[in-house]
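Reader: Could you take me through one part of this model closely, namely the pair of packed helices, and say how their arrangement is described?

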Amino acid sequence: MLEKNESNEMLPLPSDKMPDCWNQDNRMNALFSPFRSKSANQQDWVSKYKFWNDLIYTWLRHTEQCHFSLFDLNQIFKRKGCTPLCLTTVIEEMLRNGEIISEEEFLKESSESWAIWSLDIFIKKPLKWSFYKMKDYVIGQNINVNTKYVHLKATKEIAELILSTMVNDKENVLISTLEILEKCKKEECRYNINENTLKLALTWLKHHKKAVLRKSSINDELLVKFSTQTINEISEVEKTLYELLNQENKLEKEIELLEKEKMLAMDKVKAYLGKEMRQVAKTHLRKKNQIDKIIEKRANVLGNLRNLILSIQDTHSNINVIDAFKLGSNLLSQFENNGLTEQKVRNVIDNLNETLENCQDIQSALSEVLPNTDFVTDSDLEKELAELMNDNENDNDNDNKLTTNTNNNKELEDMEQRLRNLSVTGLPSLPNSSPLKDVPSKTSTPIKKDKILINAENM
């Protein structure tokens, strides 16, 4: 739903998606004017082109379209009665950059894929493109206002959206375009995709081998097969199954309508019986019985059709299994042709076992102890360690004794020094030259310290 601005003009997009400068007259007058020479102001030229490129892409995404013409753009982006005078240059630049392509070229059948189209455009015709590119920059292209162009990025997004919607329960199953449109409209997002947009999106999927298109032989409707993997064609079995399933649905709907008609006839019979109009009641009862017979016949046909569908599906599944067996058998036979035989495998295993035994013998030989007369056993090392420990203990004891003797000698020397310093009246002084220990024990009695002190006090 389009909105209006303050001037009561229709906006091409909702107000929250419109550029901020849309209501600025000076800025929009510059953006609506034709492009100046790119060499004069390259930055302004690039900025202006980016504005219109982004706006066109935003409009396509909002409207869920992927194609447009110059006439469409002039009508959509009209502002205050003025149409943009620069969109021709914008379309020319988008064509040069490969962002858009003419719808006619897009829908043209390719022998393989768009890879050939890209090869033809960018490799086979580089000189021709260079010439026309320079010419277009000087005098411009002759853009037809009614020519439709396909926006490749927008087309890709819509195609991937449809693919993600359909492959959930319809992958590798044929479905008509009408069913696709109905399913898209039933989704929560309610995609507003029209038939033309769907056709372009399916063409994109077909070129990228994500979908296969084929017309039905019954009603000429377009059948589509989707897949996330690469697919190339629709088999006759798939086409036949689709037609049978379609016929099954028609029979079910037909029986449904007959049942309703039978119920209506029965209600009329009861109503006329209530009015005591037996003849009229008989007429409707006869019609009800005829409908019963038709329903029975249709039910029998429907049962046979379902049995046929199941048989075809079962056979098709068996064919796929057999094809898988064939592929496996061919692969195994290729292994045998390349030299993979039982005898060769056994020979390889025997050689491997022999090699492993040789390796074990080599490891055992390397780990043996070489004979040596100077070899010291563990017991000898233990004895030597014990002797070293005993020696350490003796050395410690000697050190302790030496320390004790040294301390005793120091105490004796201190005592002798104190005795020398002591002077007693009436007693001959001890000679300084000879220590106390040199006095003979036979001529004199050793003098005790305490006795000397007592005599000194008495005197």
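Author: What follows is a close look at one helix pair and the annotation that overlaps it. This is a predicted model, in which local features need pLDDT of at least 70 and side-chain atom pairs count only at pLDDT 80 or more, while totals for chains, interfaces and linings use all residues. Residues are numbered from 1 along each chain as its sequence is written, and side-chain values use heavy atoms, with hydrogens and water left out.

Two packed helices are described by the angle between their axes and the distance between the axes. Here the axes of helix 11 (residues 236-274) and helix 12 (residues 278-337) come within 8 Å and cross at roughly 160°; helices are DSSP runs of H or I with at least four residues, and strands are runs of E with at least two, numbered from the N terminus. The axes are lines fitted to C-alpha atoms over the stretch in contact, with angles running from 0 to 180 degrees between N-to-C directions. Helix 11 and helix 12 are therefore roughly antiparallel to each other, a term for angles over 145 degrees. The crossing of helix 11 past helix 12 is left-handed, in that the near helix is turned anticlockwise from the far one by less than a right angle. The residues of this contact between helix 11 and helix 12 comprise 25 nonpolar, 4 polar and 13 charged, where Ala, Val, Leu, Ile, Met, Phe, Trp, Tyr, Cys and Pro count as nonpolar, Asp, Glu, Lys and Arg as charged, and the others, Gly among them, as polar.

An unreviewed UniProt entry annotates residues 234-268 as "coiled-coil region", and such annotations may be inferred rather than shown by experiment. In the model, residues 234-268 are 94% helix and 0% strand, and the C-alpha atoms at the ends of this stretch lie 50 Å apart.

Technical notes:
Parallel < 35°, antiparallel > 145°, perpendicular 65-115°, else oblique.
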